[in-house]
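Ready for a few warm-up exercises? Load the model, have a look around, and try each task before reading its solution.

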Amino acid sequence: RYSFLNGRLAQLYGVEGPSGDEFKKFEFNDGRRSGVLTQASILTLTSYPERTSPVKRGEWVLTNLLGDAPPEPPPVVPALDATQSSHPDLPLREQLVLHRADPGCASCHKVMDEIGFGLENFDPIGRWRDQAGGHPIDAAAQLPSGESFNGPAELVEILAARREEFTRCLTEKLLTYALGRGLEYYDRCTVDRIVSQTQAADYRFSAVARGIVSSEPFRLRRAVEK
């Protein structure tokens with residue numbers, strides 16, 4: 001629940017304390033910020049220039065934190081812009097409900113959108129807000145697993161409890177980076193082993209790093225067929 005802020009970032013985050021150009025440690029005690037998911041950089045990355053995107057934010061969480069990237073959307077699905085043009089006075093949340101009425105879209109959007117709704121208190125560059133477009137923010141949602149939450153703090157708590165999913169996702173991404181190649185089906189055993197070792201070590205990051213550098217794919221080079 002802390003970050004390092006200078007005066008300009010403190011202004012962006014709407015907090016008092018840090019000033020000038022020097023970065024100083026700052027603890028958030030307002031219950032709004034917690035971890036990388038509520039960092040302005042991630043919130044900006046997962047928005048459009050003129051508005052937020054619950055879809056992009058939900059997809060980012062699934063892909064980069066839980067390792068469960070949704071499939072590509074069907075090519076015949078109209079863009080959200082068409083729904084917005086037809087219903088310009090509706091809040092973004094209700095526009096998305098109409099947009100995902102197609103059964104072919106609903107299954108993925110149900111997961112992505114619900115996660116993204118929990119982050120709607122943050123505007124396109126990560127500033128806190130209570131209203132958008134003259135409408136009060138509704139940051140309550142329910143995941144397909146049945147877990148309900150209201151706002152980013154409760155969403156973060158739910159995601160933080162999914163330690164095994166996050167550990168597997170992190171392991172796969174770090175192993176990909178370490179090997180300089182994409183993972184293949186035969187790397188699954190290595191990933192499983194590293195995840196098990198990390199669980200036994202109370203999910204310490206050092207266990208993931210140690211598991212990768214001691215794994216066979218990292219230590220051994222494959223023979224090249226001639």
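**Exercise 1.** Which residues does L155 touch, leaving out those up to four places away in sequence?

*Solution.* Keep in mind that this is a predicted model. Once residues up to four places away in sequence are dropped, L155 touches L37, I115, G118, L119 and F149. Now zoom out to the largest nonpolar core, which has 23 residues: L155 is listed with L37 and V61 as having the most contacts inside it. Two or more residues of this core come from each of helix 2, helix 3 (54-64), helix 5 (92-99), helix 6 (103-117) and helix 7 (152-160).

**Exercise 2.** Work out how helix 8 and helix 9 cross.

*Solution.* Start with the axes: those of helix 8 (residues 163-179) and helix 9 (residues 188-200) come within 10 Å and cross at roughly 130°. So helix 8 is oblique to helix 9. Next, the handedness: this crossing is right-handed. Then pick out the contact residues. Helix 8 brings E164, T167, R168, T171, E172 and L175, while helix 9 brings R188, T190, V191, D192, I194, V195, T198 and Q199. Sorted by class, that contact has four nonpolar, five polar and five charged residues.

**Exercise 3.** Is R32 buried, partly exposed or exposed?

*Solution.* First find R32 in the loop between strand 2 (24-27) and helix 2 (40-45). Its relative accessibility is 31%, so R32 counts as partly exposed. Skipping neighbours within four places in sequence, R32 is in contact with T38, F122, W128 and P152. Finally, check the C-alpha atoms of R32 and N121: they are 89 residues apart along the chain, yet separated by 8.9 Å.

Conventions: Residues are numbered from 1 along each chain as its sequence is written. This is a predicted model: local features need pLDDT of at least 70, side-chain atom pairs count only at pLDDT 80 or more; totals for chains, interfaces and linings use all residues. Side-chain values use heavy atoms; hydrogens and water are left out. Axes are lines fitted to C-alpha atoms, for helices over the stretch in contact, and angles run from 0 to 180 degrees between N-to-C directions. Helices (H or I, at least four residues) and strands (E, at least two) are DSSP runs, numbered from the N terminus. Angles under 35 degrees count as roughly parallel, over 145 as roughly antiparallel, 65 to 115 as roughly perpendicular and the rest as oblique. A crossing is left-handed if the near helix is turned anticlockwise from the far one by less than a right angle, and right-handed if clockwise. Contact means heavy atoms within 4.5 Å. Ala, Val, Leu, Ile, Met, Phe, Trp, Tyr, Cys and Pro count as nonpolar, Asp, Glu, Lys and Arg as charged, and the others, Gly among them, as polar. Buried means under 20% relative accessible area, exposed over 50%, partly exposed in between (1.4 Å probe, protein chains only). A nonpolar core is a set of buried Ala, Val, Leu, Ile, Met, Phe, Trp, Tyr and Cys residues joined through side-chain atoms within 4.5 Å.
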